[in-house]
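Work through the exercises below with the sequence and the model at hand. Each task is followed by a solution in steps.

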Amino acid sequence: MTGKSHIIDATTLGDLLLRAVVQHADRDALVFPDRGYTYRELWDRSVARARSLHGLGIGDGDHVGILMPNCPEYIEVLMGTVLCGAIAVPINARYKAAELAYVVENADLKGLVTNDLISEYADFAGLLCAAFPGLAGATEPQALQLPEAPLLQFAVMLGAEQPGFVSETAFDGAGEAVDEAVIEILRCRVRVRNPCIMMYTSGTTANPKGCPLSHEALVRNGINMNRERYFLTEQDRFWAPLPMFHMAAILPMTACFDAGAAWLTMRRVDAGPALEMLEQEQATIAFPSFPTITTEIIHHPEFKTRDLSRIRRINNVAPPDVLRQFQDAFPQAVQTGAYGLTEAGGVIAFNHPDESQEERLNSCGRPFPGIEVRIVDLEDGEDVPPGERGELWLRGYCLFDGYYKSPEKNAESFVDGWLHTGDLCALNDNGGIEFHGRIKDMLKVGGENVAALEIESHLATHPAVKMAQVIGVPDDRLTEVAAAFIETHPGAEVSAEDIIAHCKG
């Protein structure tokens, strides 16, 4: 053989964690500011959750929703779900009752696990009871019969007991009746192309869409992230604090599992506590990813007094001038970016640390081995030469198998195995992806996708609004925010303050 050979290491997410346990049992796996697990402890907790889930009837191919803020239990339940051969469905913790009702029904959830931690977003018990009026009065929590979600058999409440929910005591008791050997059998049955998780992503339609991702897509992307671009060791401490319902948390988790590194995260990101954690936990990698977070960190009064000298890599996605500011703020670290989308397992390209600073500021790096990309003309669909802009198409192991229960959308999105991303991009002379914006009608507010149509639909519920059109405008803190142009009904009067009040909450 000549040149560099790429060894394909495809396995399931459960087996990836098990391998880390065998090789790094006593090293830190998951670290919160006030709590942490070694790899052995995380494995034991995950197996216990798997036994409990199986004791309530979860098995091969079942869908289990997870609705929690960032907490160790989130990862326990996620890993327990996949060890059963089931599919984990992380649910956006910012959803309101109507969105929750839609996703729970659309995802065909058989079970759902939440907790009593009142996050900055919501009281999850209250939201679920609002979404499903019959839940609080259910007399058989392990055999629910909710007309709005006919397949949902149970909802577990970790923490304080709530009417209608399976209690944590009952959940643990269900697991005690299941032998650990049963979970081992279920784990061994899982194939790498089986669905592992189903993420919901907003689009230009009114409701979010389910994206089932295989074990191979998730794990190979995490392995490629580690071995091709981040080069982690078991000594690394990787701070990735984004919400666990987001691929920007799940992908670093898999990279850490591959290396035996420690994943550092938090319940929520505030600049002061984040700086404290980065220093005290001696983080070597920082993965804030979005300028909303990084800007608040570098402008915090404590930023210059904290010892962050161990950080050797920092990841952000932002315009070149903003990335230059971040690089200046962390002179000892290499600022790198990324290109990706949920439908392709999160991220398909990171900058290599050996790229020049200018290339790292202006491109997102080359795609991982096993992933092909094309840039095609928006009019005729023909490939364009390097440097010219067009729509990015991609294919490879990373792709999902199509939006869940959306054949019409799938027909629009795929052509001969290529996914149309809807992103305006170019390839540089080195094959790096340059991102130039979204073709789709989509806003990116503080790193989160926001569908303009969803906002327009809500604005239209105001009695004075005849028509609304939403666009994105630049914002120093959130990168992009929504601006609405409104036509009122004849004779109606409404102020900007009235419209803003209508949108709050």
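The radius of gyration is taken here over C-alpha atoms, and the globule rule is 2.2 Å times the number of residues to the power 0.38. The model is a predicted one.

**Exercise 1. Overall form**

Task: Compare the radius of gyration of the chain with the value for a compact globule, and describe the extent of the C-alpha trace.

Solution. Start from the chain length of 505 residues, for which the rule gives a radius of gyration near 23 Å. The chain has 23 Å, so the value agrees with that of a compact globule. Next, take the principal axes: the C-alpha trace spans about 75 × 60 × 55 Å along them. The secondary structure to be placed in this volume comes to 16 helices and 25 strands.

**Exercise 2. Burial, contacts and charge**

Task: State what percentage of the residues is buried, what percentage of the contacts joins residues 24 or more positions apart, and how the charged side chains are distributed.

Solution. Buried residues are those under 20% relative accessible area, and they make up 54% of the 505 residues. Turning to contacts with a separation of 6 or more, 68% come from residues 24 or more positions apart. The accessible surface comes to about 20,900 Å², and carbon and sulfur atoms hold 50% of that area. Last, count the charges: there are 41 positive and 71 negative side chains, with the centres of the two sets 4 Å apart.

**Exercise 3. Aromatic pairs**

Task: Count the aromatic pairs and classify the pair formed by Phe400 and Tyr403.

Solution. The count comes to eleven aromatic pairs. For Phe400 and Tyr403, the ring centres are 4.8 Å apart and the planes meet at 75°, so the pair is edge-to-face. Both Phe400 and Tyr403 are buried. Elsewhere, ring pairs join Tyr230, Phe238, Phe287, Phe350 and Phe368 into a cluster.

**Exercise 4. The surroundings of Ala240**

Task: Locate Ala240 and decide whether this residue is buried or exposed.

Solution. Ala240 sits in the loop between strand 10 (237-239) and helix 9 (247-259). Its relative accessibility is 0%, so Ala240 counts as buried. Leaving aside residues up to four places away in sequence, Ala240 touches Ala248, Pro252, Trp263, Leu264, Thr265 and Phe287. Phe287 is also a member of the aromatic cluster. Ala286 is 46 residues from Ala240 in sequence, with a C-alpha to C-alpha distance of 6.5 Å.

**Exercise 5. The surroundings of His215**

Task: Place His215 in the secondary structure and examine its contacts.

Solution. His215 belongs to helix 8 (residues 215-230). With a relative accessible area of 1%, His215 is buried. Beyond residues up to four places away in sequence, its contacts include Thr11, Thr12, Leu13 and Val82, and also Val190, Arg191, Val192, Asn194, Pro195 and Cys196. Glu184 is 31 residues from His215 in sequence and 17 Å away, C-alpha to C-alpha.

**Exercise 6. Positive phi outside glycine**

Task: Find the phi values of Phe231 and Ser289, then give the setting of each residue.

Solution. Phe231 has a phi near 55°, positive in a residue other than glycine. Phe231 lies in the loop between helix 8 and strand 10 and is partly exposed, at 37% relative accessible area. Ser289, likewise not a glycine, has a positive phi of about 75°. Ser289 is part of strand 12 (residues 285-289) and is buried, at 3% relative accessible area.

Notes. Residues are numbered from 1 along each chain as its sequence is written. This is a predicted model: local features need pLDDT of at least 70, side-chain atom pairs count only at pLDDT 80 or more; totals for chains, interfaces and linings use all residues. Side-chain values use heavy atoms; hydrogens and water are left out. Helices (H or I, at least four residues) and strands (E, at least two) are DSSP runs, numbered from the N terminus. Buried means under 20% relative accessible area, exposed over 50%, partly exposed in between (1.4 Å probe, protein chains only). Contact means heavy atoms within 4.5 Å. Accessible areas come from the Shrake-Rupley method with a 1.4 Å probe; for residues, only the protein chains shown count as cover. Lys and Arg count as positive and Asp and Glu as negative; His and the chain ends are not counted. The place of a charge is taken as NZ of Lys, CZ of Arg, CG of Asp or CD of Glu. Rings of Phe, Tyr and Trp (its six-membered ring) pair if their centres lie within 6.5 Å; planes under 30 degrees apart count as stacked, over 60 as edge-to-face and the rest as tilted.
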